[in-house]
Amino acid sequence: MQALLTLASAISMTMAAATGHAPHWSYEGAEGPEHWGALAPDFATCATGKTQSPIDHAAFDAKQAVPVRADYHAGALSLLHNGHTVQANFSPGSTLESGGHSYNLVQVHFHTPSEEAFNGKHYPMVAHFVHKDAAGKLAVLGVMFEEGAPNAELANLISHAPKSMTPAHEVAGVALNPAALLPHDLHVYRYAGSLTTPPCSEGVTWHVAVQPAHASKEQIGALHAILGENARPVQPLNGRRLIAD
Ligand SMILES: [Zn+2]
């Protein structure tokens, strides 16, 4: 239950509270992404939703990328493993400014490979920074990682990352600065999407950074060893366009 309460969204928290427990789901086999919508009534949107994530960003014109501002600050490292991903939770104080909205950074988690595609190509890893505004609306910032120099901030996270399901716990004496996980340039593709895990709730404003960040092959490998393949396949655009202010 502890792990459920730390999942990405307020919406899923409401669902879990209503049902007492969330049905099991996974990334392969009979409980894999093609079947999510049928696993539980609460998951129906995974099959019927028209603005689902992730997507292939090929259709978006790179020139239309819009800038956002991430005002992130270091805080105590709080980690969990919810059975699907490794996640770091943040205390209030870090924000994302996008389209005249201010969102508070709640958590960051990882997928290997990236869920997002670019002309059919995936990066080996993505970090999803999940934010919530005062009204409870969710905004996610996706940062692709490509192989390169080691990321010192990621090293801290990886060395303390739980290898199996573990409730949120603070790592004594260790801080995490989420700003150090961002690329230098924060132009993003912005579009209306959804949670990429059940219940696949819509109304999530997606921001996908055009510029990737870097981590070493060993760091990406270390997270992949913990996470396995945890990427939902890309979903139909259904006529969605980039939102530019
Ligand atoms: Zn994610």
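**Close-up views of a predicted model**

In this predicted model, residues 24 or more positions apart account for 70% of the contacts in the protein with a separation of 6 or more. The protein contains six helices and 14 strands. Of its 245 residues, 42% are buried.

**View A. The largest nonpolar core contains 53 residues.** The residues with the most contacts inside this core are Met-125, Ala-127, Val-140, Val-143 and Phe-145. Strand β10 gives the most to the core, contributing seven residues.

**View B. Surroundings of Ala-127, one of the residues with the most contacts inside the largest nonpolar core.** When neighbours within four places in sequence are left aside, Ala-127 is in contact with Val-108, Phe-110, Val-143, Phe-145 and Leu-181. Among these partners, Val-143 and Phe-145 are also listed with the residues that have the most contacts inside the core.

**View C. Helix α6 spans residues 217-227 and has buried residues at Gln-219, Ile-220, Leu-223 and Leu-227.** These four residues lie on the same side of α6, because they cover an arc of only 95° around the axis. An α-helix has 3.6 residues a turn, so residues three or four places apart point the same way. On the other side of α6, Lys-217, Glu-218 and Ala-225 are exposed.

**View D. Elements that cover the buried residues of α6.** The cover includes the strands β4 (86-89), β6 (101-111), β9 (125-132), β10 (138-147) and β14 (213-215), together with helix α5 (152-160). Of these elements, β10 is also the one that gives the most to the largest nonpolar core. Just after α6, Gly-228 adopts a positive phi of about 70°.

**View E. Strand β12 comprises residues 187-194 and is largely enclosed by the rest of the structure.** This enclosure is inferred because six of the eight residues of β12 are buried. Strand β1 (residues 66-67) runs antiparallel to β12 and is joined to it by two bridges. Within this pairing, Val-66 stands opposite Val-188 of β12.

**View F. Strands β12 and β13 pair in the antiparallel sense.** Seven bridges connect β12 with β13, the latter formed by residues 202-209. Here Ser-194 stands opposite Glu-202 of β13. Strand β12 thus has pairing partners that include β1, through two bridges, and β13, through seven.

Methods
Residues are numbered from 1 along each chain as its sequence is written. This is a predicted model: local features need pLDDT of at least 70, side-chain atom pairs count only at pLDDT 80 or more; totals for chains, interfaces and linings use all residues. A residue is buried if 20 or more other C-beta atoms lie within 10 Å of its own, exposed if 12 or fewer, and partly exposed in between; C-beta atoms are placed from the backbone. The arc is that of the directions from the helix axis to the C-beta atoms. Two residues are in contact if their C-beta atoms, placed from the backbone, lie within 7 Å. A nonpolar core is a set of buried Ala, Val, Leu, Ile, Met, Phe, Trp, Tyr and Cys residues joined through C-beta atoms within 7 Å. Two strands pair if DSSP finds at least two bridges between them.
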